[in-house]
Amino acid sequence: MTVIWTQNGIVENDPWAASDTGDGSKLLALADALEHVRDNAAFGVMVQPAENVGALAPLLDRVAIIALNFPAFSDGRAFSQAMLLRQRLGYTGELRAVGNVLLDQVPLMLRTGFDSFEISHEPTQRRLVEKRLPGIDLHYQPSADARQAGQSYSWRRIASA
């Protein structure tokens, strides 16, 4: 069973499930989203790791959710896509991690700007419901999440006043 998790807990009846929910709400492939000019309704986009998220720039004001796919635990390209969307393109909508999402990745996913997670791994689901995230105390990179941003790069020297 697959569940959608956010920092507020499990989401019931998510309208943006990866498959069609019957009411017409579904995530479009990137190529389909780029052709989605027929109306001004909000829509969701599923982006694969090798696709260019920059192509979405002119549509970002209408995109309600972007799902970034993690096809394998070792494939981290969606982390870079998330940072590009948040920092360079200024995307403020929902960013969802889908695919092979495991507990060890979630803290970094939160730092790179993900809001929600599609989780099918049962031990990961259990730990997230119990709010037992692995902790990371020291970060070498800035965060896309302003609440966790800290002081930019921790290794850079700061001039004294």
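A residue counts as buried when its relative accessible area is under 20%. Keep that cut-off in mind for this predicted model, where strand E4 makes a good place to start looking. All 5 of the 5 residues of E4, residues 43–47, are buried, so the strand is largely enclosed by the rest of the structure.

**The chain as a whole**
- The protein chain holds 4 helices and 7 strands.
- Followed along the sequence, these elements come in the pattern β-β-β-α-β-β-α-β-α-β-α.
- The chain has 161 residues, and 40% of them count as buried.
- About 9,300 Å² of the protein chain is exposed, with carbon and sulfur atoms supplying 51% of that area.
- If you look at contacts between residues at least 6 apart in sequence, 51% of them join residues at least 24 apart.

**The two faces of E4**
- On one side of E4 you will find Phe 43, Val 45 and Val 47, which are all buried.
- Gly 44 and Met 46 lie on the other side and are buried too, which leaves both faces of the strand covered.

**The strands that pair with E4**
- Strand E3, residues 27–29, pairs with E4 in the parallel sense over 3 bridges.
- In that pairing, Leu 27 stands opposite Gly 44 of E4.
- Strand E5, residues 63–70, also pairs with E4 in the parallel sense, here over 5 bridges.
- For a landmark between E4 and E5, look for Met 46, which stands opposite Ala 67 in E5.

Methods
Residues are numbered from 1 along each chain as its sequence is written. This is a predicted model: local features need pLDDT of at least 70, side-chain atom pairs count only at pLDDT 80 or more; totals for chains, interfaces and linings use all residues. Side-chain values use heavy atoms; hydrogens and water are left out. Helices (H or I, at least four residues) and strands (E, at least two) are DSSP runs, numbered from the N terminus. Buried means under 20% relative accessible area, exposed over 50%, partly exposed in between (1.4 Å probe, protein chains only). Contact means heavy atoms within 4.5 Å. Accessible areas come from the Shrake-Rupley method with a 1.4 Å probe; for residues, only the protein chains shown count as cover. Two strands pair if DSSP finds at least two bridges between them.
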